[in-house]
Amino acid sequence: MTDSLSFVESGSGTPALFIHGFPLDHRMWLDQLEELAEVRHCIAPDLPGFGSSAPLDEFTMDNVADALAAFIGSVPVDVVSLSMGGYVTFALWERHPELVRSLALLDTKATADTPAAREGRVTTAATIAREGVAALVPGMLTSLLAQEATVRAKQRLTRMIEATPNETAIAATMGMANRPDRTHVLSTISVPTMVLVGASDTVTPPAGAVSMAARISDATLSVVPGAGHLPPIETPDLVSESLHGFFTNH
Ligand code: MLT
């Protein structure tokens, strides 16, 4: 690993790289870092522009994947990613497959945005530019979390959104809007893969996870009850348990 990105780590042994979603940072994985330290060297970076990591000139999924490849160095890692982290992971797999030992794909999809979703991103970017990223908090508490989310999960999500620099939130929003479709990549995945999705995820719903898992040759699928789009902070124990089982099997 190089120190080109800020990160936190736990444990020792085979490295596992945890790639966060939007507009979050490494802190979304803190429970998993604690619970999986006995089976992996867990490393959770802040993506470029998030947390204390320096921004890129242009936030594209390819550029972020290349930054992660430089961060990883030469020892292949078990990749665990959520949502936008998954969009980056498909680019990482396409561009640097030799760095990937296995994949855990949480609440993500390989498809590009629809034209309507892209338009929605443009509106979101304009809102952030006008009012700041904190303006996203009320909507995201509803859209990203299941109804039964705990106060702790809500507070953690709020803190991460509010800590995201406005310029980064805008750059990542447009980076996601412009990402290519990578559905064709799914059938090329040749490493053990775990697909996991919250049963109440409305951003990347379970039906999409089912069809994604079906296109990957060596994939298992878990649907987590009581979680929406962010199972690692909504139902942390269930996520850590699934990852623990996955890691000890390969
Ligand atoms: C995320 O959790 O990373 C975002 O919801 C992804 C997206 O907006 O497509």
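**Note on the cavity, the pocket and the ligand site**

1. The structure holds one cavity of 30 Å³ or more, and the reader should keep in mind from the outset that this is a predicted model. The volume of this largest cavity is about 50 Å³.

2. The residues that line the largest cavity are Met61, Tyr87, Phe90, Lys109, Ala110, Thr111, Arg179, Pro180 and Arg182. Sorted by class, this lining comprises five nonpolar residues, one polar residue and three charged residues. Tyr87 deserves a second look, since Tyr87 belongs to the lining of the largest cavity and is also listed among the residues that surround the ligand.

3. Turning to the open space, the largest pocket contains about 360 Å³, and its lining is made up of 17 residues, with Phe22, Arg121, Met140, Met176 and Val203 lying nearest the centre of the pocket. Two or more lining residues come from each of the elements α3 (84-95), α4 (115-131), α5 (137-144) and α7 (166-177). Of the contributing elements, α4 gives the most, with four residues. By class, the lining of the largest pocket has eight nonpolar, six polar and three charged residues.

4. Where is the ligand in relation to these spaces? The space that the ligand takes is the largest pocket. Around the ligand stand Gly21, Phe22, Ser83, Met84, Tyr87, Arg121, Met176, Val203 and His229, and this shell divides into five nonpolar residues, three polar residues and one charged residue. Among these neighbours, Phe22, Arg121, Met176 and Val203 are also named with the residues nearest the centre of the largest pocket.

5. Polar atoms of the protein approach oxygen atoms of the ligand in several places. A backbone N or O atom of Phe22 lies 2.7 Å from a ligand oxygen, while an N or O atom in the side chain of Arg121 is 2.7 Å from an oxygen atom of the ligand. For Ser83, the corresponding side-chain distance to a ligand oxygen is 3.1 Å. As for cover, the ligand taken alone exposes 270 Å², and the protein buries 92% of that.

6. Two backbone features at the ligand site should be checked by eye. Most residues other than glycine have a negative phi, and most peptide bonds are trans. Against that background, the peptide bond joining Phe22 and Pro23 is cis, with omega about -10°, and Pro23 is found in the loop between β2 (15-19) and α1 (30-35). Ser83, a residue other than glycine, has a positive phi, near 50°, and Ser83 has its place in the loop between β4 (77-82) and α3.

7. Read together, these points return to the same residues: Phe22 takes part in the cis peptide bond and offers a backbone N or O atom 2.7 Å from a ligand oxygen, whereas Ser83 combines a positive phi with a side-chain N or O atom 3.1 Å from an oxygen of the ligand.

Definitions and conventions:
Residues are numbered from 1 along each chain as its sequence is written. This is a predicted model: local features need pLDDT of at least 70, side-chain atom pairs count only at pLDDT 80 or more; totals for chains, interfaces and linings use all residues. Side-chain values use heavy atoms; hydrogens and water are left out. A residue is near a molecule or strand if one of its heavy atoms lies within 4 Å of it. A polar contact is a pair of N or O atoms within 3.5 Å; within protein, one must be able to donate a hydrogen and the other to accept it, and residues adjacent in sequence count only if both atoms are side-chain atoms. Accessible areas come from the Shrake-Rupley method with a 1.4 Å probe; for residues, only the protein chains shown count as cover. On a 1 Å grid over the protein atoms alone, a cavity is a set of points where a 1.4 Å probe fits but cannot get out, and a pocket is an open set with protein on both sides within 12 Å along at least five of seven lines; lining residues have an atom within 4 Å of a point. A molecule sits in a cavity or pocket if more than half of its atoms lie within 2 Å of its grid points. Ala, Val, Leu, Ile, Met, Phe, Trp, Tyr, Cys and Pro count as nonpolar, Asp, Glu, Lys and Arg as charged, and the others, Gly among them, as polar. Grid points are joined across faces, edges and corners, and a volume is the space filled by probe spheres set on the points.
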